[in-house]
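Here are some notes to read beside the structure, set out as numbered points. Please keep the chain letters in view as you go through them.

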Amino acid sequence: MKAAIAQYYPGHSPLHRLDPRSKFVAVSVLAVALFVRDSFAGLAVFAAAAVVAYALSGVPASWFWRAFRPLLWLVGLTFLAQVLFAPGEPFFSVWIIHLSWRGLELAAFLSLRLVVLVLIGSVLTLTTPPMALTDGLAWLGRPLRRLHVPTDELALMVTIALRFIPTLLVEMDQIMRAQRARGADFRRGGLRERAKALVPVLIPLFVLSFRRADELALAMEARCYRPGIVRTRLHPLRAGAGDAVLLAMTAAVITAGLLV
Amino acid sequence: MSAARSGAARSGAAPTGGTSLPGMALECRGVGFTYAEAESPIPALRDVSFALESGGTLALLGASGSGKSTLLQVIRGLDTAEAGAVLLDGAGPGEAAYLALQRQVGLVFQTPELQLFASTAREDVAFGPRRLGWSETAVEAAVDEALQLAGLPAAEFGDRHPYALSGGEQRRLALAGVLAMRPRLLLLDEPFVSLDPATRRELAAILARLKGAGVTLVLATHDVDLAWALCDDLLVLDEGCVATAGAWSAGPEGARVLAAHHLREPFIVDLWRRLGRDPALAPRTAAEAADALS
Amino acid sequence: MSALASDTALPLLDIAGLHYRYPGARADALAGLELSIAPGEFVAVVGANGSGKSTLARLVGGLEKPAAARRAWACGHDLLTEDGRLEARRDVGVLFQNPENQLVAECVEDDIAFGLENLGWDPAAIRARVDEMLARFHLQDLQFREPHLLSGGQKQRTALAGVLAIPRRALVLDEPTAMLDPAGRAEVLAAAARLRDEGLGVLYITQEMDEVLDADRVVALERGSVVYAGGVTGLFEQPELVRRLGLGLPPAGELALELAHRGRRLEPLPLSVDALVAALETGR
């Protein structure tokens with residue numbers, strides 16, 4: 001039932017209290033720096049920063065693991081690809097497989113970098129409610145409004161989409177159950193047959209979703225929503241001293257990471 | 001396999017309007033179930049035990065979230081009991097006939113739109129029988145019979161688009177889709193929700209006819225009055241546990257159990273008590289009550 | 001317009017000869033609708049599935065444009081004009097049947113705030129109003145709960161709190177209890193009863209005949225037209241009409257009808273258990 005993305009972990013850690021905008025900026029520049037710098041020493045600095053952030057977040061390790069698990073295959077694949085196909089003088093060769101020290105080193109570096117990146121990204125999503133995150137993104141995207149990009153409307157759309165993911169999953173489960181109760185079997189047969197069996201599942205799901213969209217739009221209008229209006233917020237974005245500290249520390253970490 | 005054969009054999013005879021449908025005995029022995037993905041794994045069902053004889057009618061009452069829907073899904077085999085067992089006609093999950101028996105358990109879900117997907121009513125109802133491997137003539141006969149039973153005669157409704165039907169008609173079409181598989185045990189999850197009083201009466205009449213035909217019925221509902229009119233047995237669930245199970249006695253014990261679970265007594269039972277008559281002898285329907293009072 | 005708005009003696013809703021047809025439909029969903037409601041009045045609206053009850057809620061709430069009307073005033077705003085409809089949306093709250101499809105935000109308090117955010121209230125004022133609503137609908141413990149983790153009754157209470165967070169003068173409730181269990185139903189009914197005491201005009205759409213009994217008046221719809229408007233007992237004293245409309249009587253009334261068929265006529269027609277018991281005992 002859980003979406004395979006790092007979910008928000010409700011809490012009151014210093015990181016939870018920070019402005020989503022500063023968190024987003026910090027994570028973005030860290031990610032860029034992480035890719036600019038290609039040495040183990042630099043990676044070690046960023047990894048240390050990520051571990052400190054993780055410790056400050058107060059999020060249990062199991063939540064991090066849950067966010068991380070779906071990406072494990074990506075890390076594994078990166079590692080394998082580098083080990084098997086990287087350049088360098090091979091010390092071991094069988095068939096098309098050539099292992100080299102250079103290849104092993106590159107594989108370790110790239111997969112570790114991916115792990116650090118995911119860790120940093122998860123700190124953001126685990127300590128920031130999705131709505132605050134979309135609000136922050138909408139604010140950061142404001143310059144785009146000049147190009148007539150409806151950033152606030154997009155942010156609201158994303159919030160609503162996130163809100164309805166669990167509902168849709170429950171609904172899809174119910175539809176499949178109703179059809180299993182009438183003899184459908186979604187586990188039998190080849191890929192083609194399974195795909196065909198899903199068509200009758202998607203039809204009611206779509207019909208219900210369109211009706212939901214209609215009713216939801218009506219309920220929003222009944223509460224005075226109109227596209228293009230200027231909305232205020234119950235929780236306005238507010239940057240404080242903590243955000244200044246965060247950005248200063250991010251700058252320090254990046255400087256250290258790039259210079260070591 | 002055996003279901004397919006017996007189905008084909010039965011439909012070989014002329015459709016009889018369902019009057020010869022047999023029932024099925026149901027027994028739950030210490031059934032327990034927990035949703036794996038629940039935030040906090042509190043069991044949805046705990047040690048649920050009751051028995052319902054073939055042709056019996058059971059009202060399943062309880063607050064939202066008390067486990068009514070879960071129990072229906074476990075009985076149908078969509079979820080597997082992690083403790084205890086569901087016995088169908090006395091057979092347990094390990095026995096050879098069990099799968100075939102499970103296919104003769106029909107389950108109608110609460111939201112009809114979740115169950116409809118084909119482009120005509122006829123096609124939608126045919127979905128189940130086709131999965132049973134019946135011959136096309138047998139499927140056709142079963143579809144016509146089921147549509148008739150559900151009060152949607154094929155000549156008038158067969159070619160209509162399911163989504164173009166009214167709410168009440170959709171509800172009955174979803175029922176027809178299950179009836180076409182000739183269930184011997186029919187499980188209904190909140191069939192009366194969002195229906196106007198006339199449509200509710202029509203649906204109740206259809207269920208009464210199925211009861212008369214000998215089909216075993218389990219009716220999960222919040223409508224105590226309709227449940228009282230249709231069901232002889234009562235099962236009240238409270239947070240996944242059985243609060244009471246057995247013949248629906250309208251005596252003081254029954255009143256106490258209902259009150260303890262935010263359920264009111266059936267109107268007629270309440271009336272009988274206030275008139276100083278024995279509530280245990282309260283009739284089931286307004287017509288019977290009027291006979292007794294006039 | 002301002003003169004109308006300040007005069008509380010005038011009806012909150014004043015609608016006559018209103019027509020509405022859904023795009024692509026062959027018949028009017030509302031055909032010559034007549035309706036009025038005064039402050040503090042609780043009017044029940046009944047009718048079979050598809051008789052136009054939900055369409056009525058949409059029109060009265062300023063959410064759809066009437067095709068035509070002789071008069072269509074909601075809280076002093078003309079529903080025939082675009083501006084009037086937008087103004088009406090602020091004064092007339094609408095609570096829909098399916099609570100699942102009304103909650104937009106990721107937690108209870110953010111959802112209650114949604115309407116006020118749209119109106120551009122100051123954050124401090126929103127905070128105060130949201131806290132007031134949380135207390136009033138007993139939602140404090142659920143303040144940060146995500147909508148999909150709420151029970152049906154809790155969802156509907158949250159939706160009602162969100163609708164009423166905007167200060168309203170009239171409220172339309174579209175079968176708000178249909179999907180709830182008895183406990184959830186009692187919660188919503190109690191909340192609705194308090195609103196009437198606070199002077200709001202309440203239009204209560206329902207399929208439950210026993211919920212009609214407490215209304216000041218009842219309006220019955222058939223194919224988009226009003227076929228009865230008046231006292232509650234007046235409607236139920238016409239059993240043929242009630243049957244034709246696809247409705248029913250409250251259980252006591254149904255039983256009294258059965259008795260009448262058997263030659264035992266109770267006058268006046270009892271509609272509650274109490275009335276039925278009294279009538280049966282005096283008739284003895």
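1. This is a predicted model, and chain C is a convenient place to begin, since its secondary structure comes to 12 helices and 10 strands. The radius of gyration of chain C is 20 Å, close to the 19 Å that the globule rule gives for 284 residues, so chain C is as compact as a globular protein of that length.

2. Taken along the principal axes, the C-alpha atoms of chain C fill a box of roughly 65 × 45 × 40 Å, and buried residues make up 56% of the 284 residues in the chain. Among the contacts in chain C with a separation of 6 or more, 64% are accounted for by residues 24 or more positions apart.

3. Turning to the contact between chains C and B, 28 residues come from chain C and 29 residues from chain B. On the side of chain C that touches chain B, α7 (182-197), α11 (251-261) and α12 (273-282) each supply at least two residues, and the largest share, five residues, comes from α11(C). By class, that side of chain C has 14 nonpolar, nine polar and five charged residues.

4. Is α11(C) mostly covered or mostly uncovered? The helix is mostly covered, with eight of its 11 residues buried; among them are Pro251(C), Glu254(C), Leu255(C) and Leu259(C).

5. The buried residues of α11(C) pack against elements of two chains, namely α9 (224-230), α11 (267-274) and α12 (286-293) of chain B together with α9 (232-236), α10 (239-244) and α12 of chain C. Just after α11(C), Gly263(C) takes a positive phi of about 90°.

How values were computed. Residues numbered from 1 in each chain as written. Chains lettered and ligands numbered in written order. Predicted model: local features only at pLDDT ≥ 70, side-chain atom pairs only at ≥ 80, totals over all residues. Contact = placed C-beta atoms within 7 Å. Helix = DSSP H or I, 4+ residues; strand = E, 2+ residues; numbered from the N terminus. Nonpolar A, V, L, I, M, F, W, Y, C, P; charged D, E, K, R; others polar. Buried ≥ 20, exposed ≤ 12 C-beta atoms within 10 Å, placed from the backbone. Rg over C-alpha atoms; globule rule 2.2 N^0.38 Å.
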